[in-house]
Amino acid sequence: MTKKAPSRPAKPSVKTRHSDRLAAHRTWLARAVAVAQLPISKGGSPHPTVQVGAVLVDAKGRKLVESSNRFAEGVDRRRPERYVDGEKSLWINCAEQLAITIAARKGISLKDASLYLTLEPCAPCAGLIVEAGIREVFIPAGALRRYASLKAKYKRSIEIALVKLAEAGVRLTAIDAA
């Protein structure tokens with residue numbers, strides 16, 4: 001009786017690896033949504049119409065930091081005049097700004113990190129993303145359509161941001177939530 005050679009496990013197919021990565025991207029995007037929707041007292045977004053979440057992940061797929069668009073620490077979010085149309089954006093910081101700042105305070109390098117956002121970044125945040133060394137930004141497919149109430153100036157800011165990211169070599173990848 002001849003002895004059979006021990007069988008080797010099959011190498012995972014590219015399709016499986018792609019599927020695993022896609023699942024991980026969807027998980028991180030879902031976490032960004034969850035962060036934005038946390039109670040305000042737990043760091044969720046106080047913005048009445050545009051709640052944005054951000055999660056920074058290192059090259060090995062580990063969460064570094066997360067944040068939502070919110071008032072800076074110590075700034076009184078309860079004052080109603082700070083929610084007046086046309087002034088909210090002057091009071092509420094972007095989720096990606098805060099995530100990058102939190103990482104900087106903790107001494108965390110963002111070189112080659114990935115950023116998961118619930119909405120495309122604005123022009124100033126795109127500059128911060130590039131300067132921080134973030135290599136890729138993931139957003140939900142059709143994110144901008146879900147924020148149809150955005151004013152033209154913010155839509156224009158996002159258009160400029162996309163150009164900044166592209167010129168600096170930062171990939172922007174839209175992921176279907178399905």
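Which residues are linked with Arg 31 in a network of salt bridges? In this predicted model, the partners are Lys 63 and Glu 66. That little network makes a handy way into the structure, but the overall layout helps to place it.

The chain has 178 residues, and 37% of them are buried. Its secondary structure comes to 6 helices and 7 strands. Read from the N terminus, the order is α-β-β-β-α-β-α-β-α-β-α-α-β. Of the contacts with a separation of 6 or more, 64% join residues 24 or more positions apart. As for the outside, the accessible surface comes to about 10800 Å², and carbon and sulfur atoms account for 55% of that.

On to the inside. Nonpolar side chains tend to be buried together in soluble globular proteins. Here the largest nonpolar core holds 26 residues. The members that touch the most others are Leu 56, Leu 110, Leu 115, Leu 119, Ile 129, Ile 134 and Val 137. Two or more residues apiece come from strand S1 (53–57), helix H3 (95–105), strand S5 (114–117), helix H4 (123–132), strand S6 (136–140) and H6. Helix H3 chips in the most, with 5 residues. Take Ile 134 as a sample of the packing: leaving aside residues up to four places away in sequence, Ile 134 touches Leu 56, Ile 100, Leu 110, Ala 113, Ser 114, Leu 115, Ile 129 and Val 170. There is also a second, separate core of 8 residues, with Trp 28, Ala 32, Val 55 and Phe 138 among them.

Helix H6 deserves a look of its own. This helix runs over residues 152–168, 17 residues in total. From first C-alpha to last, H6 reaches 24 Å, close to the 24 Å expected at 1.5 Å a residue. Its buried residues are Ser 157, Ile 158, Ala 161 and Leu 165. Why do these four sit on the same side of H6? Because they cover an arc of only 100 degrees around the axis. The face turned away from that buried side carries the exposed residues Ala 152, Ala 166 and Glu 167. After H6 comes Gly 169, with a positive phi near 80 degrees.

Back to charges, then. Side chains of opposite charge can pair when their charged atoms come close. Across the whole structure, 11 salt bridges turn up. One of them sits within H6 itself, where Arg 156 and Glu 159 are 3 residues apart, about one turn of the helix. The closest N and O atoms of this pair are 3.1 Å apart. Both partners are partly exposed, Arg 156 at 47% relative accessible area and Glu 159 at 43%.

Another salt bridge joins Asp 85 and Lys 151, at 2.9 Å from N to O. Asp 85 lies in the loop between strand S3 (70–71) and helix H2 (88–91), while Lys 151 lies in the loop between helix H5 (143–146) and H6, so the pair ties together parts that are 66 residues apart in sequence. Asp 85 is exposed, with a relative accessible area of 57%, whereas Lys 151 counts as partly exposed at 33%. Arg 79 and Glu 81 make a salt bridge too, with their closest N and O atoms 2.8 Å apart. Here Arg 79 is partly exposed at 38%, and Glu 81 is partly exposed at 36%.

Notes
Residues are numbered from 1 along each chain as its sequence is written. This is a predicted model: local features need pLDDT of at least 70, side-chain atom pairs count only at pLDDT 80 or more; totals for chains, interfaces and linings use all residues. Side-chain values use heavy atoms; hydrogens and water are left out. Buried means under 20% relative accessible area, exposed over 50%, partly exposed in between (1.4 Å probe, protein chains only). Contact means heavy atoms within 4.5 Å. Accessible areas come from the Shrake-Rupley method with a 1.4 Å probe; for residues, only the protein chains shown count as cover. The expected span of a helix is 1.5 Å times one less than its number of residues. The arc is that of the directions from the helix axis to the C-beta atoms. A salt bridge is a side-chain nitrogen of Lys or Arg within 4 Å of a carboxyl oxygen of Asp or Glu. A nonpolar core is a set of buried Ala, Val, Leu, Ile, Met, Phe, Trp, Tyr and Cys residues joined through side-chain atoms within 4.5 Å.
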